[in-house]
Amino acid sequence: MSKNFSDRLNLNLKAIVKHFGTPFHIYDEAGIISTGEQLKKAFANLPNGFREYFAVKALPNPSILKIMKDLGFGFDCSSIPEISLSQIVEAKEEDIMFTSNNTSKLEFDRALMIDSIINIDDISLFNKLPRLPQIICFRYNPGSRRQGNSILGNPEEAKYGVTHEQIIEAYRLAKNKGVKRFGLHTMIVSNELNYFNLVKTAGMLLSLAEELKKELDIKLEFVNIGGGLGIPYKPESKGLDLLEMAEEITRLFKDFQNKNGYCPKLLMESGRYMTGPHGVLITTCINKKDIYRKYCQVDACMSSLMRPGIYGAYHHITVLGKDDSAPQEKVDVAGSLCENNDKFAIERMLPQIEEGDILIIHDTGAHGHAMGFNYNGRLRPQELLLTKNGEVKLIRREETMNDYFATLDFKKNILKL
């Protein structure tokens, strides 16, 4: 969470909590816009241009997607609801890249209906397309030729993509069937803070672009290096060096153009990098417990933010009105689920917390609300937007009991065997 966001939010947080109640996720419009403009500026010198396709799965809310649309970004979608969300903000055709895996015919039908870019995850799926798309790309999995990171793991063990041995034949198949326009995609790392790994990915795709031109006379319109740009979840962590990364990638693209007489456009599909630091989860301490450990029990739970519980992800926590100079204690910050991993922090040193204190859980602007669920009948919280004009507005209401029971309202349907 940036100091700028923190200062503006903390100044008004008590009033926001009084008006909306807790828990809620709140996002910073000014911060999102600033990051988007920085991203565009960093890649402004590419020979054939740059475009970000925001990963809708990170924060699927139309108010956020409208900000992305205004920045000139497209949308990376992996399901029919994500396509529909993008269309709410008037995304159309090649504003949408449909990147899915284990894709059904129904999903292909929907993506082709609007002439989106189709990014195919497996060579076998090409022959399952209902019709030829305007433009197609394949998701490349380099296997043992590259190493992933701790989040995505080794490419050989990943379920995603077309193998190195299959990739040329995949494009040959598409070309022979009559496809005229092509792109190339990969994604090897997630939340990567070492920019060199992303530079290496760009170089890998440009080398493959040369091979496709040599073997099949295909000139790629774009290469998409995926998402994976990381954010520093811990205060002491060093952030991604975006400018150095952009400079080195731009150099690779200019060298490619000089050597080959043309150059593909660069695409990426950042989600976490665009919104992660610009969102926080606000929750209130409602109980304290002192047994074998001390517990701060809050009114949010894993249905609001599941990352710490499912894979131990770190999210920094601050307490409104209390800083590091206040008396400290070691606590687990826990929710209310009947699961022992329903914790936002484990044995974390925090200022002494009392019932009624407001906790700020940082960096929940991506894969926070979006990954929510309803175990134990817990309902997902509301989402708010701190606008660039200094207003706070509701952009998604909290779930209700009626929402939870809606799928139990159906017509009688019995198959007699």
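This tour moves through a predicted model, one selection at a time.

**First stop: two helices that cross**

Select helix α2 (residues 29–42) and helix α3 (residues 62–70), whose axes come within 10 Å and cross at roughly 35 degrees. The crossing of α2 past α3 is right-handed. Next, display the side chains at the contact: E29, I32 and I33 belong to α2, and they meet I64, I67 and M68 of α3. By type, the residues of this contact are five nonpolar, no polar and one charged.

**Second stop: a salt bridge from strand to helix**

Side chains of opposite charge can pair when their charged atoms come close. In this model, the count of salt bridges comes to 22. Select D28 and R8, which form one of them, with the closest N and O atoms 2.7 Å apart. The pair links distant parts of the chain, since D28 is in strand β1 (residues 24–28) and R8 is in helix α1 (residues 3–20), 20 residues apart. Is each partner buried or exposed? D28 has a relative accessible area of 1%, so it counts as buried. R8, by contrast, is partly exposed, with a relative accessible area of 28%.

**Third stop: a strand and a loop**

Now select R181 and E221, whose side chains meet in a salt bridge of 2.7 Å, N to O. R181 is in strand β7 (residues 181–185), while E221 is in the loop between α7 (195–216) and β8 (222–224); the two are 40 residues apart, and the pair links distant parts of the chain. R181 counts as partly exposed because its relative accessibility is 24%. E221 is also partly exposed, with a relative accessible area of 31%. Keep E221 displayed, for it appears again at the next stop.

**Fourth stop: N48 and its contacts**

Select N48, in the loop between α2 and β2 (50–55). N48 is partly exposed, with a relative accessible area of 41%. Which residues does N48 touch, not counting residues up to four places away in sequence? They are E221, C263, P264 and K265. Draw a line from the C-alpha of N48 to the C-alpha of C263: the two residues are 6.2 Å apart in space, although 215 residues apart in sequence.

**Fifth stop: a network of salt bridges**

Select K343 and D332, which form a salt bridge with their closest N and O atoms 3.0 Å apart. K343 lies in strand β14 (residues 343–351) and D332 in strand β13 (residues 328–334), so the pair ties together parts 11 residues apart in sequence. K343 is buried, with a relative accessible area of 10%. D332 counts as buried as well, because its relative accessibility is 0%. Add R293 and E347 to the selection: salt bridges that share partners join R293, D332, K343 and E347 into one network.

**Last stop: a buried charge without a salt bridge**

Finally, select E248 in helix α8 (residues 242–260). E248 is buried yet has no salt bridge. How far away is the nearest side chain of opposite charge? That side chain is R251, and the distance is 4.9 Å. A salt bridge needs a nitrogen within 4 Å of a carboxyl oxygen, which is why this pair does not count as one. Not counting residues up to four places away in sequence, E248 touches Y195 and V199. Display these two side chains with E248 to complete the tour.

Conventions:
Residues are numbered from 1 along each chain as its sequence is written. This is a predicted model: local features need pLDDT of at least 70, side-chain atom pairs count only at pLDDT 80 or more; totals for chains, interfaces and linings use all residues. Side-chain values use heavy atoms; hydrogens and water are left out. Helices (H or I, at least four residues) and strands (E, at least two) are DSSP runs, numbered from the N terminus. Buried means under 20% relative accessible area, exposed over 50%, partly exposed in between (1.4 Å probe, protein chains only). Lys and Arg count as positive and Asp and Glu as negative; His and the chain ends are not counted. Contact means heavy atoms within 4.5 Å. Axes are lines fitted to C-alpha atoms, for helices over the stretch in contact, and angles run from 0 to 180 degrees between N-to-C directions. A crossing is left-handed if the near helix is turned anticlockwise from the far one by less than a right angle, and right-handed if clockwise. Ala, Val, Leu, Ile, Met, Phe, Trp, Tyr, Cys and Pro count as nonpolar, Asp, Glu, Lys and Arg as charged, and the others, Gly among them, as polar.
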